[in-house]
Amino acid sequence: MQKVLNVLFLAVAIPAHSADEAAYRAFFERYAALNEAYDPALADLYANEAVILAARKTSVGSEQIMRLEGRRWKELVAANLEQARQRGDRSEFSDIEVTLQGRQATITASRYAVLSCFTDDRYYMIVKTVETGSIEIVEEFVETPSRSQCVIPEQEKVASVLQGTAKVLSGRLPMMVDEGTRLEAAKAQGNTLTLQYELINHTSEQLDGASLERSLRPLVIKQTCDNPDLRAVLDQGAVVTYRYYGSDRAEILEMSLNAEACLSPQY
């Protein structure tokens with residue numbers, strides 16, 4: 001059984017006349033070697049106009065589909081490869097089939113997501129040969145579970161994932177998240193990830209914590225629950241705590257979210 005790691009592609013320079021089934025399989029295998037190394041150059045291998053479709057089953061059985069264009073997906077791939085490497089977030093492919101359609105091909109496979117222990121049998125990609133003879137991705141579909149399917153000790157896995165997330169974030173801090181908010185610190189302890197923000201334009205005396213929470217909570221819940229990585233660990237028992245400080249370094253507000261937040265009316 002052939003296995004290939006992760007959900008990225010390689011635009012390998014192959015003459016257009018040789019882009020037969022063997023060439024597309026070679027493309028897929030070549031991609032594996034670069035992808036296994038979590039090489040940021042992989043982000044350049046998607047067509048700018050590519051369509052990325054990510055389906056996610058909700059806890060009540062319905063399906064949400066997120067659609068991203070190639071340019072945005074390439075940015076996300078480049079920005080998150082290091083975090084994926086530290087967390088061991090990868091996919092393994094088997095039962096690979098190639099269907100030729102003129103100058104393009106559809107590649108289907110069974111995709112096993114290692115981090116969530118989930119088998120995605122709906123996975124496919126569409127690649128095409130461009131005028132230069134290169135192959136690039138023009139469409140990709142993946143499915144992710146509403147919660148992890150792993151049977152390993154959940155607390156141990158959650159703590160490891162949160163430690164990796166905090167380590168990656170800490171390497172980028174301080175970081176502005178909008179014109180008035182700066183992420184100052186990210187710490188993980190046990191099953192809790194704590195994110196500390198400073199509201200740089202206001203002191204603690206200028207803001208009321210209760211009013212700020214009413215304003216921020218729906219947005220924070222959406223951003224947290226829409227993040228596949230955070231949602232996965234929330235479903236395994238993690239807690240994400242948000243602490244907001246004024247420019248005078250005094251705490252204004254603390255909010256803690258768990259998996260129940262993603263089932264609330266505010267989400």
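Trainee: Among contacts in the chain between residues at least 6 apart in sequence, what share joins residues at least 24 apart?

Mentor: In this predicted model, 59% of those contacts join residues at least 24 apart. To count as a contact, heavy atoms must come within 4.5 Å.

Trainee: What makes Tyr244 a good example of contacts in this chain?

Mentor: Leave aside the neighbours within four places in sequence, and Tyr244 is still in contact with nine residues you can look up, among them Tyr197, Leu216, Val220 and Met255. Tyr244 is also one of the residues with the most contacts inside the largest nonpolar core, alongside Leu195 and Tyr242.

Trainee: Which elements build that core?

Mentor: The core has 32 residues. Elements giving two or more residues to this core include α3 (154–170), α4 (209–225) and β11 (239–246). Apart from it lies another core, of 24 residues, including Ile96 and Met125.

Trainee: How do you know that α4 is bent, and where?

Mentor: Axes are fitted to the seven residues ending at a position and the seven starting there, and the angle between them is the bend. At Leu216 that angle is about 40 degrees, and Pro218 follows within four residues. Even so, α4 reaches 22 Å from its first C-alpha to its last, close to the 24 Å expected.

Trainee: What do the buried residues of α4 pack against?

Mentor: They pack against β10, α5, β11 and β12. Leu212, Leu216 and Ile221 are among the buried residues of this helix.

Trainee: Why is the pair Glu21 and Arg25 called a salt bridge?

Mentor: The cut-off is 4 Å between a side-chain nitrogen of Lys or Arg and a carboxyl oxygen of Asp or Glu. Here the N to O distance is 3.2 Å, so the pair qualifies under that 4 Å limit. Both residues lie in helix α1, four residues apart, about one turn of the helix.

Trainee: Is Glu143 called buried or exposed?

Mentor: Buried means under 20% relative accessible area. Glu143 has 8%, so it is buried.

Trainee: And what makes Arg122 partly exposed?

Mentor: Partly exposed runs between the 20% and 50% limits, and Arg122 comes in at 36%, so it counts as partly exposed. The side chains of Glu143 and Arg122 meet in a salt bridge of 3.3 Å, N to O. Glu143 lies in strand β7 and Arg122 in the loop between β5 and β6, so the pair ties together parts that are 21 residues apart in sequence.

Trainee: Which residues are linked in a network of salt bridges?

Mentor: Look for Arg182, Glu184, Glu198 and Arg249. The structure holds 16 salt bridges.

Key
Residues are numbered from 1 along each chain as its sequence is written. This is a predicted model: local features need pLDDT of at least 70, side-chain atom pairs count only at pLDDT 80 or more; totals for chains, interfaces and linings use all residues. Side-chain values use heavy atoms; hydrogens and water are left out. A nonpolar core is a set of buried Ala, Val, Leu, Ile, Met, Phe, Trp, Tyr and Cys residues joined through side-chain atoms within 4.5 Å. Buried means under 20% relative accessible area, exposed over 50%, partly exposed in between (1.4 Å probe, protein chains only). The expected span of a helix is 1.5 Å times one less than its number of residues.
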